[in-house]
Amino acid sequence: MTSTERQELLARIQRLEEQIRDERFQARYRGVELEALYDVGLAITSTLNPAEVAEQILMRAISLLDARQGALFDIPLSEDDGKATQLALEPIQMMGELTPAASSLSFQQALENPTELFSGAKYALAQAITLDEEPSGLLVVADKESRHGVGPFPDSDSRTLALFAQQSAVALRNARHHRDALEQERIQRDLVLAAQIQQQLLPDALPEVDGYGIAAWSRPAREVGGDYYAAHRLEDGRLLLVIADVAGKGVPAALLVSNLDSALHLMLADSGNSLSTLDAAQVERLSRHIFERSLSNQFITFLALCLNPASGAVEFVNAGHNPGLVHRASGNFLEMQASGPPVGMFPAVAYRLGQLTLEPGDLLCLYTDGISECADEEEVELGDDGLKELLIASAPGPLHHLTDRIAERCLELSGDRPQADDQTLVLLQRRAWPG
């Protein structure tokens, strides 16, 4: 071997030794990096509070990469014609001072030019945080510090930040799911409480009236609903029956039901619970009360009647409600038609008082449109005619059998589909025999 060949061999060996030392260093560094990432992962997943998770993510990222500044951004979305559009970045946590232009930068602009986010930043590194294969956040660090001062981030830091962003995505998703679950649980508790309160508005038991049978049934479409009924025995022996349907469903409708119940009790208190007659003017005052204390798109269909048990005489006011049905013992039907708009729809309204007489064997049916508009899969509704058929087929017989049959028929029509609207039914029958 010549001296030249020997020198080339020694030089090759030296390069290999340097390469081995470098690879060993990189391996040790990689091990330290992975250990640090593992420790960081444990730290950011140790809490399920979204704000604490975000704070941990930013602080750990800055510490892990020796950065002077950093920020964690959310990417809000807006629905435009059914399409999700990314809005400008929204900082969740930050260390440092953002530039005035940061608030107008899009996700892609910030990802490509992260130095534009921080005032005075010379170097910056950005990594998207991806949830369900969609970018939902941006993690940015700026100005790497070393013993030589502030400098750029090496390629290895890009790899480290990418791995850390994956861990951060898992931690953020878990924290957000936990927050959503807690919020859903709180909402469910509130709905259960609201349902209990609303149930207390309905009569615990219907009054007993000699010579008459009374039955009622109500089923909300959700935990709470907008249907309402009431039955009060007045001091002079007359019976006041009320049925109402608030426009809409859920909590807003339930709140207006509570308002209606309070107004009715005040109306009874003002008259000393001794209404000598059902005055249309009282319903007009009720309508004005609801109008002044509800939203512009809220109103209530309302039907109230007073019965004189001795004579069977009925006075009623129908404010935009479904017509009450009277099935005569002779087989004919009489409808209690509306004489004005729903209460609360206009600031000033006028209603006309209607009158009829229940003869022995007559059946009076009050209902909300959740029953008449109950439909099958082909959108064929039960309708007033279908309800009349049920009244005919179930008479004569106990009233609770009739309420059960109507409830069953509504379930048959709905099938496995969710109930579309609240359903309420009130029946009053003058018995054909004494006792």
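**Exercises on helix H2 and the nonpolar cores**

At the start of H2, the backbone nitrogen of Ala-51 has a side-chain oxygen of Asn-49 within 2.9 Å, a polar contact in the sense of an N or O pair within 3.5 Å, one able to donate a hydrogen and the other to accept it, where residues adjacent in sequence count only if both atoms are side-chain atoms. The model is predicted, with local features needing pLDDT of at least 70 and side-chain atom pairs pLDDT 80 or more, while totals for chains, interfaces and linings use all residues. Residues are numbered from 1 along each chain as its sequence is written, and side-chain values use heavy atoms, leaving out hydrogens and water.

**Exercise 1.** Compare the expected span of helix H2 with the distance between its end C-alpha atoms, then work out where its buried residues lie.

*Solution.* Helices are DSSP runs of H or I with at least four residues, numbered from the N terminus. The expected span is 1.5 Å times one less than the number of residues, so the 15 residues of H2 (residues 50-64) should span 21 Å, which agrees with the 21 Å between the end C-alpha atoms. Next, Val-53, Ala-54, Ile-57, Leu-58, Ala-61 and Ile-62 are buried, that is, under 20% relative accessible area with a 1.4 Å probe, protein chains only. Because these buried residues fall within an arc of 160 degrees seen down the axis, they line one face of H2; the arc is taken from the directions from the helix axis to the C-beta atoms.

**Exercise 2.** Identify the largest nonpolar core and its main contributor.

*Solution.* A nonpolar core joins buried Ala, Val, Leu, Ile, Met, Phe, Trp, Tyr and Cys residues through side-chain atoms within 4.5 Å. The largest has 50 residues, and helix H5 (residues 250-270) supplies the largest share, 8 residues. Another core, of 22 residues, lies apart from it and includes Val-53.

How values were computed:
Helix = DSSP H or I, 4+ residues; strand = E, 2+ residues; numbered from the N terminus.
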